[in-house]
Amino acid sequence: MTPFHIVGLDLSLTATGMANGVGWCEKVGREGITNMPLRTKYRTLNDLASRIIVLTNAEKAHLVLVEKLVFNRQDGGRGGVGERSYLYYRTMGIIADAGVPIVEVPQATLKTYALGKGSGSKGEIVDSIARRLPIFHTGGDHNQADAATLAALGADHLGHSLADMPKTHRAALDKLTWPEVAR
């Protein structure tokens, strides 16, 4: 547990994973966004971003870590690329406008902190979090496990590690550019 309010986010349309530095984690999302009429889609995405902010109290956080948004250029816009982008930047914009420092964490760096290496399956991350960070009850959900990893990474950076992480895992700390955090 950390005295800082740290938020980890794995943003997704249907299953955004959210976690904080005291062991809370949850998932929120909405099915069918990509098939909604534009006005409904816009309102739904704004509502989802607001819900993420409210549930995590991210506007009052000391630090937010988010899995970096990545696109596959070959997918031709399928899979809600535009909608995911909007949700990502809408949510991050609200947090940034509140003056909260944000760290974008590439997936390989998240995996390094969870697994000690930059690659591995979702199941491996879920298992690692269950073993190393049992304060997070993810129910086997990989979105929540990713968010928990991000929250733990932020806590570790601020000197309040949530677990005794091996050196290979902690190497992830050196791969990121960290903003100043009000203490």
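Biologist: Let me get the rule straight: a polar contact is a pair of N or O atoms within 3.5 Å; within protein, one must be able to donate a hydrogen and the other to accept it, and residues adjacent in sequence count only if both atoms are side-chain atoms. With that in mind, how far is the backbone nitrogen of T14 from a polar atom of the side chain of S12?

Modeller: The distance is 3.3 Å, from the backbone nitrogen of T14 to a polar atom of the S12 side chain. Keep in mind that this is a predicted model: local features need pLDDT of at least 70, side-chain atom pairs count only at pLDDT 80 or more, and totals for chains, interfaces and linings use all residues. Residues are numbered from 1 along each chain as its sequence is written, and side-chain values use heavy atoms, with hydrogens and water left out.

Biologist: Where is S12, and is it buried or exposed?

Modeller: S12 is in the loop between β1 (6-10) and β2 (16-20); helices (H or I, at least four residues) and strands (E, at least two) are DSSP runs, numbered from the N terminus. S12 counts as buried because its relative accessibility is 17%, where buried means under 20% relative accessible area, exposed over 50% and partly exposed in between (1.4 Å probe, protein chains only).

Biologist: And what is S12 in contact with beyond four places in sequence?

Modeller: L48 and L87, with contact meaning heavy atoms within 4.5 Å.

Biologist: Changing topic, how many salt bridges are there?

Modeller: The count is three, taking a salt bridge as a side-chain nitrogen of Lys or Arg within 4 Å of a carboxyl oxygen of Asp or Glu. One of them joins K27 and D141, whose closest N and O atoms are 3.0 Å apart. K27 lies in strand β3 (residues 25-28) and D141 in the loop between α4 (122-132) and α5 (142-157), so the pair ties together parts 114 residues apart in sequence.

Biologist: How exposed is K27? And D141?

Modeller: K27 is partly exposed at 37% relative accessibility, whereas D141 is buried at 12%.

Biologist: What about K41 and E83?

Modeller: Their side chains meet in a salt bridge with an N to O distance of 2.7 Å. That pair links helix α1 (residues 38-56), home of K41, to helix α2 (residues 81-97), home of E83, 42 residues apart. Both K41 and E83 are buried.

Biologist: Which residue does R170 pair with?

Modeller: R170 forms a salt bridge with D156, the closest N and O atoms being 2.7 Å apart. R170 sits in helix α6 (residues 167-170) and D156 in helix α5, 14 residues apart. R170 is partly exposed at 35%, while D156 is buried at 5%.

Biologist: Nice. How big is the largest nonpolar core?

Modeller: The largest core has 34 residues, and those with the most contacts inside it are L65, V105, F136, L153 and W178. A nonpolar core here is a set of buried Ala, Val, Leu, Ile, Met, Phe, Trp, Tyr and Cys residues joined through side-chain atoms within 4.5 Å.

Biologist: Which element gives this core its largest share?

Modeller: α5, with eight residues.

Biologist: And what does L65 touch, leaving out residues up to four places away?

Modeller: Its partners include V103, V105, L150, L153 and W178. There is also a second, separate core of 24 residues, which includes M36, L48, I53 and V64.

Biologist: Last one: how many helices and strands are there?

Modeller: Six helices and five strands, in the order β-β-β-α-β-α-β-α-α-α-α from the N terminus. Of the 183 residues, 51% count as buried.
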